[in-house]
Amino acid sequence: MSALSILDVQAIRAAPLSREPYPYALGTNVLNRESIEEIRRDFPEIGKPGYLTVDEVSLRGRFKALIDELESDEFSRILGEKFGIDLVSCPRLTTIMKRSQPKYGAIHTDGPSKVLTLLVYMNDAWDAPAAGRLRVLYDGRNFEPFAVEVPPTMGTMFAFLRADNSWHGHEPFEGERRVVQVAWLKDASELERKRKRNRTAQFLKGIFGR
């Protein structure tokens, strides 16, 4: 029996795995419904835009329990089985974003230090027809055509294997866009390097306001 109580294991396992243009899985309702109200309540009060590492944020209650599950070996095993790789041995970097700026979302592939990236969205609704909706893309220049568009709504999960062609991004959006990102990295030195870089970036944002 699974020790995961907030993440819906059946929904995660049922999320279809696509191979084109690169391996990715898109799932819905991966958070157990009885936990959603408490997760919403306990989501961190973050004033800064962009992603913050979990050690930069005050975690509490049901939201902290969710982070513990996302970082657990059991979840890594379940997600690794879906993609056919070992994730349990990979260090994990978890970051949280509450506020987005228009400069975010540029098309990119993620860096080669990453093995797999997971995004779990936590917005109650999303009215913007295109802005802020992550797209799986075919190249590094164009938002269209796209393979799939991800609505950043509560309980939506998007995970993908990093590759030289794992292009993704979203059209500019400014405002509240709640998301947790977990990245499985190749080694522990990359984990510390990314944490340090993120702290430096947030420090500079505090000084220059951007």
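The following paragraphs lead through the fold of this protein chain, from its overall make-up to two groups of paired strands and one helix.

The model is a predicted one, and its protein chain contains 5 helices and 10 strands. Of the 210 residues in the chain, 53% count as buried, while the surface that remains exposed amounts to about 9,900 Å², with carbon and sulfur atoms supplying 51% of that area. When contacts between residues at least 6 apart in sequence are considered, 81% of them join residues that are at least 24 apart.

A convenient place to begin is the open sheet that 3 strands form in the order β7-β6-β9, with antiparallel pairing. Because β7 (146-150) and β9 (168-169) stand at the edges and each has a single partner strand, one side of each is left without a neighbour in the sheet. Strand β6, which spans residues 134-137, pairs with β7 in the antiparallel sense over 4 bridges, and within this pairing Leu137 has Phe146 of β7 as its bridge partner.

Attention can now turn to strand β5, made up of residues 114-121, which is mostly covered, since 7 of its 8 residues are buried. This strand is joined to strand β10 (residues 175-185) by 7 bridges, the two running antiparallel, and β5 also pairs with strand β8 (residues 157-161), again in the antiparallel sense, over 5 bridges. Leu116 allows both pairings to be located in the model: this residue stands opposite Trp184 in β10, and Leu116 likewise stands opposite Leu161 in β8.

Among the helices, α2 (residues 33-42) shows how burial can be distributed around an axis. Ser35, Ile36, Ile39 and Asp42 of this helix are buried. Seen down the axis of α2, the buried residues fall within an arc of 140 degrees, and they therefore line one face of the helix. The spacing behind such a pattern follows from helical geometry: an α-helix has 3.6 residues a turn, so residues three or four places apart point the same way. On the other side of α2, by contrast, Arg33, Glu34 and Glu37 are exposed.

What do the buried residues of α2 pack against? Their packing partner is α3, the helix that covers residues 61-70, so that the face of α2 lined by its buried residues is also the one from which those residues pack against α3.

Notes. Residues numbered from 1 in each chain as written. Predicted model: local features only at pLDDT ≥ 70, side-chain atom pairs only at ≥ 80, totals over all residues. Heavy atoms only, no water. Buried < 20%, exposed > 50% of the residue type's maximum accessible area, 1.4 Å probe, protein only. Contact = heavy atoms within 4.5 Å. Areas by Shrake-Rupley, 256 points an atom, 1.4 Å probe, with all protein chains shown as cover. Pairing = 2+ DSSP bridges. Arc of directions from axis to C-beta.
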